[in-house]
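Trainee: Could you take me slowly through one part of this model, the pairing of its charged side chains? I would like to see how each pair sits in the chain around it.

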Amino acid sequence: MQLSFRQGVYAALAVAGVIGTWWFNLQFMAEAGGAFSVVEFVRGGYANPAAASLTNDLLVALLCFLVWSFAEARRLGMRHWWVYVVVAFGVAFAVAFPLFLLVRERSLGAQSLRPA
C-alpha cells in the first residue's frame, strides 16, 4: 500500500493523536486508581477558564467534523462512516479526523483512477 505524501502526513497525525491523547488519558486513569470516569474527565475539561475554552473549542470542531464528514462520506461513497464517530468518542478526535482525511484521500485517488 503506497501512501502519497499527504496520506503519510495524515497517517502520522493519526498516530500522533493516539500518543498525544492517550499518554494523558492513561495518567488520568492512574490518578483515578485505574478507572476511567467520564464524569470526572468532563469535569476536568472545565477545571478552569483555559481548560473550558479548549474543551468548548474541541466540541465545536468535533460537531463540525461530524456534520461535514457524514456529508462527505456519502458524497464519495465511503462506507462505514460510523467508525469515525466511534473513534472520535472512544479514542480521540485527534485520531478520527486525520484518519478520515487519510481514507478520504485514498477514496478520491481510487475514484480518479476509475474509467469514465
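Mentor: A salt bridge is counted here when a side-chain nitrogen of Lys or Arg lies within 4 Å of a carboxyl oxygen of Asp or Glu. The model is a predicted one, and by this rule its count comes to five salt bridges. Side chains of opposite charge can pair when their charged atoms come close.

The setting is a chain with five helices and zero strands, in which 28% of the 116 residues are buried. Of its contacts with a separation of 6 or more, 61% are between residues 24 or more positions apart. The chain carries 8 positive and 5 negative charges, and the mean positions of the two sets are 17 Å apart.

Consider the pair of glutamate 105 and arginine 6, whose closest N and O atoms are 3.5 Å apart. This salt bridge connects distant parts of the chain, since glutamate 105 belongs to helix H5 (residues 93–113) and arginine 6 to helix H1 (residues 5–31), with their positions 99 residues apart. The two partners are described by separate accessibility values: glutamate 105 is buried, at a relative accessible area of 14%, while arginine 6 is partly exposed, at 48%. The cut-off that matters for glutamate 105 is 20%, because buried means a relative accessible area under that value.

Glutamate 72 and arginine 104 form another salt bridge, with 2.8 Å between the closest N and O atoms. Glutamate 72 lies in helix H3 and arginine 104 in helix H5, so this pair ties together parts that are 32 residues apart in sequence. Both glutamate 72 and arginine 104 are buried. Through shared partners, salt bridges join Arg6, Glu72, Arg75, Arg104 and Glu105 into one network.

A further pair is found within a single helix, where the side chains of arginine 43 and glutamate 40 meet in a salt bridge of 2.5 Å, taken from N to O. Both residues lie in helix H2, three residues apart, which is about one turn of the helix. Glutamate 40 is partly exposed, with a relative accessible area of 38%.

Helix H2 (residues 38–45) also supplies three residues, the largest share, to a nonpolar patch. That surface patch is formed by Phe36, Val38, Phe41, Val42, Tyr46 and Leu59, which together have about 540 Å² of accessible area. Tyrosine 46 sits in the loop between H2 and helix H3 (49–76), and its relative accessibility of 39% makes it partly exposed.

How values were computed
Residues are numbered from 1 along each chain as its sequence is written. This is a predicted model: local features need pLDDT of at least 70, side-chain atom pairs count only at pLDDT 80 or more; totals for chains, interfaces and linings use all residues. Side-chain values use heavy atoms; hydrogens and water are left out. Helices (H or I, at least four residues) and strands (E, at least two) are DSSP runs, numbered from the N terminus. Buried means under 20% relative accessible area, exposed over 50%, partly exposed in between (1.4 Å probe, protein chains only). Contact means heavy atoms within 4.5 Å. Lys and Arg count as positive and Asp and Glu as negative; His and the chain ends are not counted. The place of a charge is taken as NZ of Lys, CZ of Arg, CG of Asp or CD of Glu. Patches are made of residues with over 30% relative accessible area and no salt bridge: like charges are joined within 9 Å, nonpolar side chains (Val, Leu, Ile, Met, Phe, Trp, Tyr) within 5 Å. Accessible areas come from the Shrake-Rupley method with a 1.4 Å probe; for residues, only the protein chains shown count as cover.
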